[in-house]
There are 2 protein chains.
Amino acid sequence: MARAEGRGPVNLAQKLISAHLVGGEMRPGEEIGLRIDQALIQDATGTMVMLELEALGLDRVRTELAAQYVDHNLLQSDERNMADHLFLRSACQRYGIWYSPPGNGVSHPTHMQYFGVPGKTMAGADSHTCAAGSLGMLAIGVGGLEVAMAMAGQPLYVTMPRIWGVRLTGELPDWVSAKDVILELLRRQGVSGGVHKIIEYHGPALGTLSAMDRHVIANMGAELGATTSVFPSDERVLEFLDAQGRAGDHVELAADPDAGYDLQDEIDLSALEPLIARPGSPGNVVPVLEAAGEPVHQVVVGSSANPGLRDFLVVAEMLRARQVHPQVSLEINPTSRQILADLAKSGAITALVEAGARIHQTGCLGCIGMGQAPAVGRNSLRTFPRNFPGRSGTRDDSVWLCSPETAAAAALTGAITDPRALGLEYPDVRPPRTVSAITGPLQPPLPIERARQVALVKADSIGSLPELDPLPDSLTLPIVLKVGDDVSTDEIMPAGARALPYRSNIAALAGFAFGQIDETYPERARAAGPHAIVGGRNYGQGSSREHAAIVPRHLGLRVVIAKSFARIHWQNLANFGVLALEFADEADYDRLAAGAELRLDGLREAVETGSEITADGVLLRHRLSPRQRAMVLAGGWIPQVRSAVHR
Amino acid sequence: MARAEGRGPVNLAQKLISAHLVGGEMRPGEEIGLRIDQALIQDATGTMVMLELEALGLDRVRTELAAQYVDHNLLQSDERNMADHLFLRSACQRYGIWYSPPGNGVSHPTHMQYFGVPGKTMAGADSHTCAAGSLGMLAIGVGGLEVAMAMAGQPLYVTMPRIWGVRLTGELPDWVSAKDVILELLRRQGVSGGVHKIIEYHGPALGTLSAMDRHVIANMGAELGATTSVFPSDERVLEFLDAQGRAGDHVELAADPDAGYDLQDEIDLSALEPLIARPGSPGNVVPVLEAAGEPVHQVVVGSSANPGLRDFLVVAEMLRARQVHPQVSLEINPTSRQILADLAKSGAITALVEAGARIHQTGCLGCIGMGQAPAVGRNSLRTFPRNFPGRSGTRDDSVWLCSPETAAAAALTGAITDPRALGLEYPDVRPPRTVSAITGPLQPPLPIERARQVALVKADSIGSLPELDPLPDSLTLPIVLKVGDDVSTDEIMPAGARALPYRSNIAALAGFAFGQIDETYPERARAAGPHAIVGGRNYGQGSSREHAAIVPRHLGLRVVIAKSFARIHWQNLANFGVLALEFADEADYDRLAAGAELRLDGLREAVETGSEITADGVLLRHRLSPRQRAMVLAGGWIPQVRSAVHR
């Protein structure tokens, strides 16, 4: 994209947005509509998306490309799991979607390897969709229904974010890698430091970071709450695409030389040291040295946060001809079919196996709480993006996040160890010039005539979308639950091995809602009927799962009142007709007690006009766009679309 | 072992028995006591064994070697699983047991690779322990408590079996392999054809079967209900041990040239064709040709029934440069760390990954219902030993058992296919001369002084053994459940992803008992208190899990009346004080209705003297040895030992 005529220099995020803008103005805080080129879904969100496509009566997806990955729900403990696969595959065939069956790997690196194209927009029903920013894409994680609408040719609506330029200088020292860069940003800014922002990386250090390094950094922009992250598309991106046999997909993309940013930050890579996030939050970042000596029982390498061949090779080289400490279970989760093949070809699998590592199937696995649950209170070091309490599958877990180097150091010593203290030579690991691009097991869309003959394969375990009624004008709502700051969607609607197999069935899933915070919520919510929840700051951070909106709504949730909302969950609430209100004065949080009853009157008009709402003397506001107001009034986006059709 | 002086020629089984005989006479049907050289446990049975060792107050195991493998319960969905690992590892350290952590692989091939020694006896808390017969061991699968007693230096008591000589002639044709040999025996003899027998293989075809081929055949002797299977220790065994770097462990062992057998059979390998067991039982064997064309959705290669490098290499070669049919999920479960390393080194992993296979962690996995559950009614072809209904984790499953060749053929075509019909050249696959013997990750026993300082690591999820009261003299027992023939321990006490995580906790496990047959059993049993179950033929076939005795006993089971019992479960019932009675006249099975009440009087004297028992006019017998009578009277083996100590 050449510099736009007749206006000043623009940054890359602005270029990508303006090239896809189909509605709204590019003013921070305003709702804009974006034309979407690609769509990404995974199995934990995909079954609901397919039910939504069915409810919308779609004939064929209208994005240039849509892909369904099976990477989350892989333990396959009973018949539900394979029933999901059969359903997803049939829906892919019906609607013109690529189907990536279990075994192909985690959606983000796999999409990057085979489908990512610089300059394209992507809507993904997974919060780490932003990882594609590594290739110069504008890739945004949203709720499943928004992806379904994008697949149906509708624009993706987001709040125009501020563009946050992060200038990278210097060069990473030995034993420090890309993960430490994003941990440094989390250390500085915390888990809501990126809310309503796009993080755009620039500066002289970019040339030292491979496309996969950038994936590590872009991926965990989600942990800062950012709308997305973007990197320029340069020589490093060309190298990556060339190794995949896709040099032809390369486009040169960068900010104009003298472009400005709404916010600025700078990281000198030379000054970084190995970092680690303490248990409980990706924002609890400290130098590894501060935690050194803590005994470790499990180390897991993999996930979309460290998915690259380099990340595994560095571990393999550190372990080659050595032994994993006998107290440690070292678990390797290859992130994609290609990575696994290249690890086997390079001899890394052999080195890891000989050292005592446990090699798992490709996929998300422990990152989403599908297996690999640690023992209570025993330290588990993981190269994952998230360590929200209980996400591992263990109630009182102790999960730390770190780089592959720091993970491997702990695997060797049985304790948290700064890898610089090992006295080893830093492995000189570089991605190979050509990689094992394995396209055979990716199942392409069917031609439309054949597609139209495909019937959806729906086992009994595949549920249906709940019916949603319009917003009443007056509501008396008991506050069934009151929670604190930074409650994640993992806490609202747990994933993990117990709940994830029910992802296609809202009614069955309902029993798990808020299970980690208050097990009595589902029963009390059902008994209460229409009810409210009160939350603190950054309510609904983390995973994009729309189940965290649908399930409580199914149980009667009509209003959430919080100090602030995480972006994706805020959208999901609107999509499913739950009114998200913010305190005009955060101090009023203390005035709303669990168990109290709130009376809300004149709701419909207040929502429609955007005026403030008073409940028991507490002043509340919503930030809904006119588009979102209509869907909340209708009870949700699907009933709104339906009523529009029948009008 | 030279031919014994002063008696006629003896077969190999007789030699192995007489070399270890410490009690009883070698007359079929009599109880004999055997000195045990080695002990094997796995995690699904091991936690209970460790609790038993603790209850027995053991200081250190007295077998030459004992090994604990973690291979069953690998999904690790919550904290219980790793808590089990910590407990097992601490108990291994305390009692002088080798600890094989998760990632090392399935117990039977791993034990064979590192510890198996021709001529040794082994007691194993796993029904497929008999696989070690491939090396000329006398290896018997029994309940956990019997292994605990053997570890404590006690003899293993078994009913002296008849020795069944199976003469092998000819040579396997292309596309037919060891699995087809044992499927042929199952086709002829059914799932109880081996009860109270040792299957001893001999004949000119032995030289054509590698030690690992013999493992395939010996392993599935369990499916015939055999006490065990034995092969001679010859050049093929030497080759195997030599490849492991253990040629020094080789001992030449064979039947005397003119030895006789109690029973005889012969299989001409040249005449075999690819066989397959239809869903429901390993005994439902038909030629693959008869089932050809059935659509297939899943193919799984692995398990102790096809654990060898050859078994995976033949699949890899069939798939090399081809693609798995898009309808099929081809799943590869490497059986041991060594096999995985050799598959990686040979390029087979790469070939499999490129063809679209899904590579899983090493272990039992789907074979024990830990993941890989198929969709309802969709055909799944597996190289596993068992396909009892529901064992896969799916209630209405459709699981077939076959060779790797037949499995790979279905993976290529998407339908059951005789591999001879593919038109491919039969891959010339041979085990390498040297293999990747990887001993580092096997954790050896601690020296005794250090061992004595080890405390058992017991999380809350580790339960304790139930208290067991003596057998009353009179009982009024409602028949809470009446079942048909061939009920397996999988049906009595399901394993699988739901139940297996509770294996260390009898009270928690109780809710799953008989879940597939009658979900109301646990509640009704608990309400009834002391109660009886009526069964058909071969009651308790399959897995050795003693939980299938302990859990119903915990729920009040005192008497099982059946037409006949499978060997291991019959022993487990006695070990936990449940009286196993057989109908004097099988026709009386029809006279005992579910719900009826049975009055049994003078029970203690009848058990003590071995006399018949009459209940409501039905004549019943037990086959308990004097040793077993004492434990049933005491309420079980542990209370018996305890009362002996305190007497």
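In what follows, a residue counts as buried when its relative accessible area is under 20%. The structure before us is a predicted model, and that cut-off should be kept in mind for the cysteines.

B:Cys402 has a relative accessible area of 0%, so this residue is buried. Its sulfur lies 13 Å from the closest cysteine sulfur, which belongs to B:Cys367, and that is too far for a bond. B:Cys92 is also buried, because its relative accessibility is 1%. How many disulfides does a search of the whole structure find? The count over all chains is zero. B:Cys92, accordingly, takes part in none, and the nearest cysteine sulfur, in B:Cys364, is 16 Å away.

I turn now to helix α2 of chain B, which covers residues 43-56. Its 14 residues reach 19 Å from the first C-alpha to the last, close to the 20 Å expected at 1.5 Å a residue. The helix is mostly covered, with 11 of the 14 residues buried; among them are B:Asp43, B:Met48, B:Glu52 and B:Leu53. At the N-terminal end, B:Gln42 acts as a cap, placing a side-chain oxygen 2.8 Å from the backbone nitrogen of B:Ala44. Just after the helix, B:Gly57 adopts a positive phi of about 70°.

Finally, the arrangement of the two chains. Chain A is superposed on chain B by a rotation of 180° with 0.0 Å of shift along the axis, at an RMSD of 0.0 Å. This is therefore the relation of a two-fold axis. Both copies use the same surface, since 100% of the contact residues of chain A recur in chain B.

Notes
Residues numbered from 1 in each chain as written. Chains lettered and ligands numbered in written order. Predicted model: local features only at pLDDT ≥ 70, side-chain atom pairs only at ≥ 80, totals over all residues. Heavy atoms only, no water. Least-squares fit on C-alpha atoms with pLDDT ≥ 70 in both. Contact = heavy atoms within 4.5 Å. Disulfide = S-S within 2.5 Å. Buried < 20%, exposed > 50% of the residue type's maximum accessible area, 1.4 Å probe, protein only. Helix = DSSP H or I, 4+ residues; strand = E, 2+ residues; numbered from the N terminus. Expected span 1.5 Å × (residues − 1). Polar contact = N/O pair within 3.5 Å; in protein donor to acceptor, adjacent residues only side chain to side chain.
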